[in-house]
Every structure is written in structure tokens, then in C-alpha cells.
Amino acid sequence: MPDRFTLQAGSIFGGAISAQGLARTGQVWGHQVTVGLANGGITGGVNIGRLWSNGHLEIGTGTIDSLIGGGDLWARAGGRSSPVSHWNFPRAASGRIAGRVFYDASRTQLPADESMAAIGILSGQAGTSPGLPGIPYCDARVKAVDVAPLKGQANYVFEMQGGVPMLTIQNVRTASGVSLDGSYNLATGDVRRLPTGTGAPFMTCNWQTDPNSAQAHCFRNTTVASGWNITGLVSFPPGVAWFDGPVTVDGTQNGRDLVNTIIATGRVNLTEAGHGDLVAPNFSTPQVVCGGDFWPTNLCDKSSGTPRFATWTDEEGQVHVGLPIGNVAVVTEGAARLAGWEIYGHLILGRELETGANVTVIHGTATVGANQAGSSTGVTQGGAQIVVPDNSDQMYLPNCDSTPPVLPGDARVLWTRYL
């Protein structure tokens, strides 16, 4: 035997992995991984090709070609003095983690937007995990909620354009067949009645039962900072409403129901002010959705003369009634606060769910927290109740990730929550 010899690891796999300095190693893959450290102290640097940690990762200094982490990363030797000044962090050519980045022995959290500058990775990436070694990787979570692909299925698109609140109407007709499609300036225009000045009450707010009242305008003073605030809603057409930013519904006249799918890029707040129910179009009736003064042509079929919900055919040739987008009550990339509402339809929330006031009853399913590494659900002041529908066609959900669906919908869920 020689007096001295060297062991060189091509790859290291395991559950809990702890290594001090590592010369060039092709791959390190485990559940809880600690490298370049000994008893919390910094040791020799590491040089790793692929560093995969299913859970949390603690690391000293060194270089990594690619890094994937399913939890937090703690760079114990790292230091920071400003958003552009970092030192003694490990460096990765590329990578992403599901959790947050911490640095220094005090475990100080690094601002999320500095992880690329400090280490070369993206943090807070939902759905990120390499799984465990020896087990075929399967991430059962849905992709992050992205409402952009649903914009084309909306009937009413609310967004700021050059600092001006605008409404784009698409796939909507009056009872007499007049198309309302087009863009409307909500700051200076008039959508209290449509067609302008001659039609039935279309969109009126602030508890004004007279649609000609100067106070009846909705969203006239909307700004990016304020978000889309609906106060004292009196008239609002059925269909799918898409909002760029946060949305608040603060009361409806005489307990009026909202027969809508609410889609938002920001927080959705349904307050405890007097209101009716939020009813997804397919959880209502064809007469209400398709037989009124204004009707969404993509959700309805009036070819026979009798209002019906539109149908679609799945890959197996089965025909379903009601497009999946019409099965959803709320879709948001952000959080939602629901204060004592009766909701008919599914919830898809990118972040956390909070309840308040009286009991919130959801006749549908709820998916919570897909857009963050961890989410919280606060059930208070009366609690929440979920009632799963019996109608199988109402159980289909639209795809709401960044890849547009081939079909209107292809997923069925009951209840999911990400921890």
C-alpha cells in the first residue's frame, strides 16, 4: 500500500449529506445537503458540477455549475453591504431554488431580488425541486398560476394604458345581437349604458340606481396604486372579467349576485359590506348568463333560439357542457381575502387564502399557494366550508400556466394546498 492516497468522488448521493471541502465532484444530490462546512464553520471551498438539494441547503464557499434546491439556501460565509456589494458567497453558473437565501452566521435573509447578483441563482421559484436520488422525479404540484393565457378567454379586460383606466370588451353582444367589442376609456368615456346612451344599464357603481347619475360611473378614478375598486355595485354584465392588478368588491346593491369569473394579476378582496353571492357562469343558468341584455358569446350557444351553455369535446371524444373558464369563480396570481361570501365555482389562488367576517362557503374546489414556496391559510371569524359539486362537467378547470392549453381544459382537482 502506498504511504498516501487520494479518494476522488465522481458523484455523491444520499439523504443527509455533509461534506467539508470538495474537489471537483460531478454531482451532489441529497435531501438535506451541507457542503464546505464543519460544525457550522467554514472549511475548504467546493467545486461541484450539479448540486441538487431536495430540501434545505447549507454551503460555504466555492463554485457550482448548476444548482437546484427545493428549500432555502444558507450561505454561511456570505456578506453584504449594499444591493450591489456581496462577498464570500458561493457562485453558480445557473440555478434556482424554491425558498429563500440567507447569509452570514446570523442567518440574515438576503433580499429576493439580489440572489442572482450574490450567487447567480433565482430564488422563490414555485415548483422547483430535484426530488430524491434513486426515485423518478415527479412534481405533483401544478405550475405557477399565470393569468396572461386566460386574457383571451375574458369578456371584460380592465387594464391601465398610459396611466388611463381602460376596458376592452370582447365576445359580447346585446340581446338584439349588437356587438359591444372594442376599447372604452373609463376615465372620460361612458359605459353606464351600452350601446352608449341608448342601451340597458351596463356597468354602474356607488349605490346609484339611476344609471344616468354622474356618480354611477365605475372605475373612473382608478390608478395603478389604487387598483380596481368596485363600491356599491348596481349593474355588471355576466361573463369573465380580467383585471391587471388587485381587485376589491365592496358591496353590491340589494344583495345583487355577481355572475362572473374574476381573474386578476393581484390580490382579490371580497369585503364584508352588504352583497349577494359570487357565482361562476357555469354554476348559474343559461337564462341568466345568456338570456339577458348582454351575453358572452364564447360561453353561450343561442343557435337553437334557446339560451344554452357552450360545449367542448375532450381528447376522448366526450362532450362537456360549459367551457372550463366558466367553472371558476376566482383566479389570481396573488392572494384572496373572502369575507363571508357564498361562492359558487372554483378558486385558484397563486398565494394565500384568508377568510373574515361570517362563514365563507365555497361550492367548488380550492387550489392555494402555487406561486410561492410556502403559503398560509387563515380561517377566522366564522371559518370556511368547501362543498364539492356533483356535476362532473363543472369540475373541469382551465389551464392557467404559461403554456396555452390545446383544449379549453384538461384538469380535474378536488382540494390542494402547498406547504
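Here are some friendly notes on a predicted model, covering a cavity, the strands around it and a separate look at one sheet.

1. **A good place to begin.** How many cavities of 30 Å³ or more does the structure hold? There is one. The largest cavity has a volume of about 50 Å³. Try to find it in the viewer before reading on.

2. **What lines the cavity.** The residues around the largest cavity are I230, L233, F236, A241, F243, V247, V249, L258, N260 and I262. Four elements each give two or more residues to this lining: β22 (228-233), β23 (239-243), β24 (247-252) and β25 (258-264). Which of them gives the most? That is β25, with three residues.

3. **The character of the lining.** Sorted by class, nine residues of the lining are nonpolar and one is polar. Charged residues are absent from the lining of the largest cavity. As you go through the residue names, see if you can sort them into these classes yourself.

4. **Strand β23, buried or exposed?** In β23, five of the five residues are buried, which means that the strand is largely enclosed by the rest of the structure. Here "buried" stands for under 20% relative accessible area. Two residues of the cavity lining, A241 and F243, fall within the 239-243 range of β23.

5. **The partners of β23.** A reminder helps at this point: strands of a sheet pair through backbone hydrogen bonds, either parallel or antiparallel. Strand β16 (residues 156-161) runs parallel to β23, and three bridges join the two. Within that pairing, V157 stands opposite W242 in β23. The pairing of β23 with β25 is also parallel, with five bridges. Here V240 faces T261, a residue of β25.

6. **An open sheet of five strands.** Now turn to another set of strands. In what order do the five strands of the open sheet stand? The order is β1-β3-β7-β9-β13, with parallel pairing. At the edges are β1 (11-13) and β13 (91-97); each has a single partner strand, so one side of each lacks a neighbour in the sheet. On average, neighbouring strands of this sheet are turned by 15 degrees against each other, direction ignored.

7. **A closer look at one pair.** Strand β3 (residues 22-30) and strand β7 (residues 46-53) make a useful example, as six bridges link them in the parallel sense. One residue to look for is Q27, whose bridge partner in β7 is R50. Finding these two in the viewer is a nice way to practise tracing strand pairing.

How values were computed. Residues are numbered from 1 along each chain as its sequence is written. This is a predicted model: local features need pLDDT of at least 70, side-chain atom pairs count only at pLDDT 80 or more; totals for chains, interfaces and linings use all residues. Side-chain values use heavy atoms; hydrogens and water are left out. On a 1 Å grid over the protein atoms alone, a cavity is a set of points where a 1.4 Å probe fits but cannot get out, and a pocket is an open set with protein on both sides within 12 Å along at least five of seven lines; lining residues have an atom within 4 Å of a point. Grid points are joined across faces, edges and corners, and a volume is the space filled by probe spheres set on the points. Ala, Val, Leu, Ile, Met, Phe, Trp, Tyr, Cys and Pro count as nonpolar, Asp, Glu, Lys and Arg as charged, and the others, Gly among them, as polar. Buried means under 20% relative accessible area, exposed over 50%, partly exposed in between (1.4 Å probe, protein chains only). Two strands pair if DSSP finds at least two bridges between them. Axes are lines fitted to C-alpha atoms, for helices over the stretch in contact, and angles run from 0 to 180 degrees between N-to-C directions.
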